[in-house]
Amino acid sequence: MKIMASVLLSLLFVPAAAAQDLPSTSLTRGTWDVGAFAGGGTGLGKSDDTQFFIAGGRVGRVLTGEHFSGWARGNFEWAIDLMPVYVVLPPNGAVYGGSFKPVIWQWNFTGGKKISPYVAAAGGVVFSRSNIPPGDTSTVNFTTQGVFGVHIFTRRSRALQLEGAFGHLSSASLGNHNPGYNAFFTFTIGYTWYKTAH
């Protein structure tokens, strides 16, 4: 755990120092962002014996100019995640699948010059090769998530992206039983390129 904390602190402070003279003006209306990410997580509560591993890509577009002032100043972005790797690791083996998350409604806080935090609400679908949770359940499940993260600008129009998400996964009763995973947490590390509108 101490090693993981040290790695995370290094990821936070080294890029931030390197980006001291770079503005976060990449996050402006009309900007596209394209990135790749990977990470993992764990079930919470009764599902704490289950782990997750995910990897994929994101495409987003900033749809508005800046609103509000002070710490709340920011803009609205709509993004989509495609995860060809979505592995659920219950106690008795691994279940392989993929996920498509077409709804990521994100508020970017744009007051900083080097770091831009964000919060988001997200929803998508997970397709798996066998039922998750294991048993008489379903190979199709739906996810909803509350997301928090940060863009750490490393170069102009490029940023390291750290993201945590609390989520829920269930089949919406597509299978005969629907125990789902009432709560899970995932953490991902990614890198994003921004294409700013002219």
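**Figure 1. Leucine 82 and the nonpolar patch around it.** In this predicted model, leucine 82 sits in strand E3. With a relative accessibility of 54%, leucine 82 counts as exposed, because the cut-off for that label is over 50%. Leu82 is one of the residues that make up a nonpolar patch on the surface, together with Leu63, Trp78, Ile80, Phe100 and Trp105. Taken together, these side chains put about 560 Å² of accessible area on show. Two elements, strand E3 (74-89) and strand E4 (95-109), each give two or more residues to the patch. The largest share comes from E3, with 3 residues.

**Figure 2. Arginine 58 and its two acidic partners.** The structure holds 4 salt bridges, and this view picks out two that involve arginine 58. In one, the side chain of arginine 58 meets that of aspartate 81, at 2.6 Å from N to O. That pair ties together distant parts of the chain: arginine 58 belongs to strand E2 and aspartate 81 to strand E3, 23 residues apart. Both of these residues are buried. In the other, arginine 58 meets glutamate 163, with N to O at 3.0 Å. Here the link runs from strand E2 to glutamate 163 in strand E7, and the partners are 105 residues apart in the chain. Glutamate 163 is buried, just as arginine 58 is.

**Figure 3. Aspartate 81, lysine 101 and the wider network.** Which side chain does lysine 101 meet in a salt bridge? The partner is aspartate 81, at 3.7 Å from N to O. Once again the pair joins distant parts of the chain, with aspartate 81 in strand E3 and lysine 101 in strand E4, 20 residues apart. Are these two residues buried or exposed? Aspartate 81 counts as buried because its relative accessibility is 1%, and lysine 101 also counts as buried, at 7%. Salt bridges with shared partners connect Arg58, Asp81, Lys101 and Glu163 into one network.

**Figure 4. The largest cavity.** The count comes to 2 cavities of 30 Å³ or more, and this view takes the largest, with a volume of about 150 Å³. Its lining is made of 16 residues. Nearest the centre of the cavity are Ile54, Met83, Lys101, Gln145 and Thr186. Lys101 will be familiar from the salt bridge with aspartate 81. Which elements supply at least two residues each to this lining? They are strand E2 (51-62), E3, E4, strand E6 (140-155), strand E7 (158-170) and strand E8 (181-195). Sorted by class, the lining has 7 nonpolar, 5 polar and 4 charged residues.

**Figure 5. The second largest cavity.** This cavity encloses about 80 Å³ of space. Its lining is made up of Gly35, Ala36, Phe37, Arg58, Gln161, Glu163, Thr188, Ile189, Gly190, Tyr191 and Thr192. Strand E1 (32-43), E7 and E8 each give two or more residues to that lining. Which element makes the largest contribution? That is E8, with 5 residues. By class, the lining splits into 4 nonpolar, 5 polar and 2 charged residues. Look for Arg58 and Glu163 among the lining residues; their side chains meet in a salt bridge.

**Figure 6. The second largest pocket.** Now for a pocket: the second largest has a volume of about 150 Å³. It is lined by 13 residues, and those closest to its centre are Thr50, Pro90, Pro91, Pro134 and Tyr181. The whole lining divides into 6 nonpolar, 5 polar and 2 charged residues.

**Figure 7. Glycine 45 in its loop.** Where is glycine 45 found? Look in the loop between E1 and E2. Glycine 45 has a relative accessible area of 56%, so this residue is exposed. Its C-alpha atom lies 7.1 Å from that of alanine 183, although the two residues are 138 residues apart along the chain.

How values were computed
Residues numbered from 1 in each chain as written. Predicted model: local features only at pLDDT ≥ 70, side-chain atom pairs only at ≥ 80, totals over all residues. Heavy atoms only, no water. Patch = residues over 30% accessible without salt bridge, like charges linked within 9 Å, V, L, I, M, F, W, Y side chains within 5 Å. Areas by Shrake-Rupley, 256 points an atom, 1.4 Å probe, with all protein chains shown as cover. Helix = DSSP H or I, 4+ residues; strand = E, 2+ residues; numbered from the N terminus. Buried < 20%, exposed > 50% of the residue type's maximum accessible area, 1.4 Å probe, protein only. 1 Å grid on protein atoms, 1.4 Å probe; cavity = no way out; pocket = protein on both sides within 12 Å on 5 of 7 lines; lining within 4 Å. Points joined across faces, edges and corners; volume = space filled by probe spheres on them. Nonpolar A, V, L, I, M, F, W, Y, C, P; charged D, E, K, R; others polar.
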